[in-house]
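Open the model in your viewer and keep the selection panel to hand. The stops below say what to select and what is there.

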Amino acid sequence: MTTPALAVEHLSVRYAVAGHARGLQALDDVSFFVQRGETLGVVGESGCGKSTLARALLRLVPSTSGRVLFRGEDLLALAGPELRAMREHLQVIFQDPLASLDPRLTVAEIIAEPLREFRRGLTRAERDERVGASLARVGLLPEHLRRYPHEFSGGQAQRIGIARALMLQPEFLVCDEPISALDASIKSQIANLLKDLQQEFQLSLLFIAHDLAAVRFSCDRIMVLYLGRVMEIAGRASLFESPRHPYTRALLQAVPIADPVRARARAVSPLSGEIPSPLSPPSGCVFRTRCPLAIARCAAEQPRLRRIGDNEVACHRAEELA
Amino acid sequence: MNASRNPTSPSHACEPEALLTVRGLRVSYRGDQGPLHVVDGVDLDLAAGDYLGIVGESGSGKTQLLLALLGLNAGARFEGSIRYRGEELVGASEATLRRLRGARIGMIFQDPMTALNPYLSIGTQLIEGVRRHRGLGRAAALARALEMLDAVHITEPRRRLRQHPHELSGGMRQRVVIAMAMICEPDIILADEPTTALDVTVQAQILSLLHELRARTRVAVILVSHDLGVIAEMADRVAVMYAGRIVEQADAPTLFTAARHPYTQALRRSIVPLEGPLPSRLPTIGGLPPNVASLPPGCAFAPRCGYVFDRCGLAPPPLVPISAPGLAHGEQHRKACYYEGPIGP
């Protein structure tokens, strides 16, 4: 087995919160890997820790413990120039494309910024050529170079963000809800573009989303988070066709079906209750307060992630969900 | 309240009571280069118990249309006609509109916090409408509020009355907003993306609650959403909007199985299924979303349409009934498109 592109080991992030001695455990002992050329999806609802995960990998928030192995080094242990050098290989695309682009810069300046930072030896002509090629690759026109971010629609702005992220030919791309804010007709354009670029550049992707359909299209494997803990990790087919965790099942059943006849024929009993406050998570399994299968053991003992068939599941009763 | 005890007679069902009749509605704002028609020539009919879904992307005019039904679009100019039980609302006084808002026509918005006052207790906000519109005393209004909180399945309703919005979760707040919208027993509920801001498991709860309330009352609902899945789960009839116009309209099964407008078809095809075969590439709609400030002279979708021909550039196509043989609901299925040939699966 080859070394994965990224391996996360026992990552925990705790935020200090006034009045709460134990703070807010945003991520609790999360471990996973992303193979080279693979897209790992991360799904979950509010408070599951998916955005914190992106921020922790990018060192935008401090981690409490754990390791993030990337290019043979622990990202969490790097500082100063070493950390800066690593950013060349690890880039990010954000959910709100317009908010992530500097409104005072032209598109040409925005896309060229990583080159100015990391490829200082380039001549102006070389830089312009790379900027032009990158712009064309994401489907924008040369005339767009002199315009400012506010002149673009959401989909176009996301293309600019992607062009910027790919400028240095990174190995790894963190995509934090890259298509959530886009209209339906634009979503599929961007999802296709990301998939094409991934294959073309052999990129490894961490694809964070709350939209399960988008994840099914874009990801090879999927990790399901709930209140900062991993519930299930599985390949796309296993996760969508034979989910082992009751939460994964509930998530899949909650998605509305765009077929009025089938939608009304199915008997869905939505999960009761809402996600508990991450400031006071339930004991044992964090999902147990909403789980239709919860038993006394679930309150007493936190289930460990274990392999059952093709899936890794953190549930005491996963065998019964075959 | 309880419709099942008073089943509607068959004759009543054949001629449903018209609640809302909209004809040629146009909503315009002043723009730098002339007026912007954000809603342009919309007709709608709503009868008691109807569940109409309006689907569209950003800038399609779906929210502007909903706001127009209550005259809430600030600074807009209205043309055409909106009749509520025969009473004309276009040009009606603010007093008339106020009498209807909340009392006869309830509203549910995407973000419950836009409908809730953060400084007032849930109880105070719930009873305000029913005291004003129904003239109930405080005690009677509070009793009614408790009944409504119970109907929307809020736990510990007595305690909730004293709480403030920030003490409730997002899903709970939306339940309160639904209770507020229903408390005066309105004829119509206007719901603008009521579940878009919620997590998917909470969305499922709210959709199931909306189904339940509708089964218990004869309230007519207009649900606006960008999500075809939500529309398919909830609506009996669907109107698809693009650049301020309705481009296709049909009963839900027809719209989802036999769409005839290329835009509707493209929207449907862009949905990734959660099961079954997965395409290696998603079908896309080329080009950019429409900008009402610079629409082409003909069909607004023409620049992105795969079936475009010369006639499309001349004038916007009218919304007309489809007269296809063998179509079960032919008389209700309408489209605004000149192309008459087959469109892809």
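Which residue in the turn of the hairpin formed by strand 4 and strand 5 of chain A has a positive phi? Select A:Arg71: its phi is about 50°, and the hairpin has 2 residues between its strands. Bear in mind throughout that this is a predicted model.

**Stop 1: around the hairpin, chain A**

Keep strand 5 of chain A (residues 73–74) on screen; 2 bridges join this strand to strand 4 in the antiparallel sense. Select A:Leu69 and A:Asp74 to see one pair of bridge partners. Now add strand 1 of chain A, which pairs with strand 4 (residues 65–70) over 5 bridges, again antiparallel. Here A:Glu9 stands opposite A:Arg67. Strands of a sheet pair through backbone hydrogen bonds, either parallel or antiparallel.

Within strand 1 of chain A (residues 6–17), select A:Ser12. A:Ser12 counts as partly exposed because it has 17 C-beta neighbours inside 10 Å, and a buried residue needs 20 or more. Leaving aside neighbours within four places in sequence, the contacts of A:Ser12 include A:Leu27, A:Asp28 and A:Asp29, as well as A:Ser63, A:Thr64, A:Ser65 and A:Gly66. Put a distance label between the C-alpha atoms of A:Ser12 and A:Leu27: they are separated by 4.8 Å, although the two residues are 15 residues apart along the chain.

**Stop 2: helix 4 of chain A**

Select residues 124–137 of chain A, which make up helix 4. The end C-alpha atoms are 20 Å apart, which agrees with the 20 Å that 14 residues should span at 1.5 Å a residue. Colour A:Val131, A:Ser134 and A:Leu135, which are buried. Looking down the axis, you will find the buried residues of helix 4 within an arc of 100°, so they line one face of the helix. They pack against helix 3 (107–118) and helix 5 (154–166) of chain A. On the other side of helix 4, A:Ala125, A:Glu126, A:Glu129, A:Ala133 and A:Ala136 are exposed. Just after the helix, select A:Gly139, which takes a positive phi of about 90°.

**Stop 3: two loops of chain A**

Most residues other than glycine have a negative phi, and most peptide bonds are trans. Select A:Gln202, which is not a glycine but has a positive phi of about 50°. A:Gln202 lies in the loop between helix 6 (184–201) and strand 8 (204–209) of chain A. Is A:Gln202 buried or exposed? A:Gln202 is exposed, with 11 other C-beta atoms within 10 Å.

Move on to A:Leu227, another residue that is not a glycine and has a positive phi, here about 45°. The loop that holds A:Leu227 runs between strand 9 (221–226) and strand 10 (229–235) of chain A. With 25 C-beta neighbours inside 10 Å, A:Leu227 counts as buried.

**Stop 4: the sheet of chain B**

Switch to chain B and show the open sheet of 4 strands, ordered 2-1-4-5 with antiparallel pairing. Strand 2 (36–47) and strand 5 (87–88) are the edge strands, each pairing on one side only. Strand 1 of chain B (residues 18–29) pairs with strand 2 over 9 bridges. Select B:Val22 to find B:Leu44 of strand 2 opposite.

**Stop 5: helix 5 of chain B and the core**

Select residues 122–134 of chain B, helix 5, which reaches 19 Å from its first C-alpha to its last, close to the 18 Å expected. The buried residues here include B:Gln125, B:Leu126 and B:Val130. They pack against helix 6 (138–151), helix 7 (157–162) and helix 8 of chain B. B:Gly135, just after helix 5, takes a positive phi of about 65°.

Now select B:Ala179, which touches B:Leu126, B:Met148, B:Leu149, B:Ala151 and B:Val152, not counting residues up to four places away in sequence. B:Ala179 and A:Phe207 have the most contacts inside the largest nonpolar core, a set of 195 residues. Helix 8 of chain B (residues 170–182) gives the most to this core, with 8 residues.

**Stop 6: where the chains touch**

Finally, show both chains: 38 residues of chain B are in contact with 35 residues of chain A. On the chain B side, the elements giving two or more residues are helix 9 (200–216), helix 10 (228–234), helix 11 (252–257) and helix 12 (262–269). Helix 9 supplies the largest share, 7 residues. Colour that side of chain B by residue type and you will find 20 nonpolar, 11 polar and 7 charged residues.

Notes
Residues numbered from 1 in each chain as written. Chains lettered and ligands numbered in written order. Predicted model: local features only at pLDDT ≥ 70, side-chain atom pairs only at ≥ 80, totals over all residues. Contact = placed C-beta atoms within 7 Å. Nonpolar A, V, L, I, M, F, W, Y, C, P; charged D, E, K, R; others polar. Core = buried A, V, L, I, M, F, W, Y, C linked by C-beta atoms within 7 Å. Buried ≥ 20, exposed ≤ 12 C-beta atoms within 10 Å, placed from the backbone. Pairing = 2+ DSSP bridges. Expected span 1.5 Å × (residues − 1). Arc of directions from axis to C-beta.
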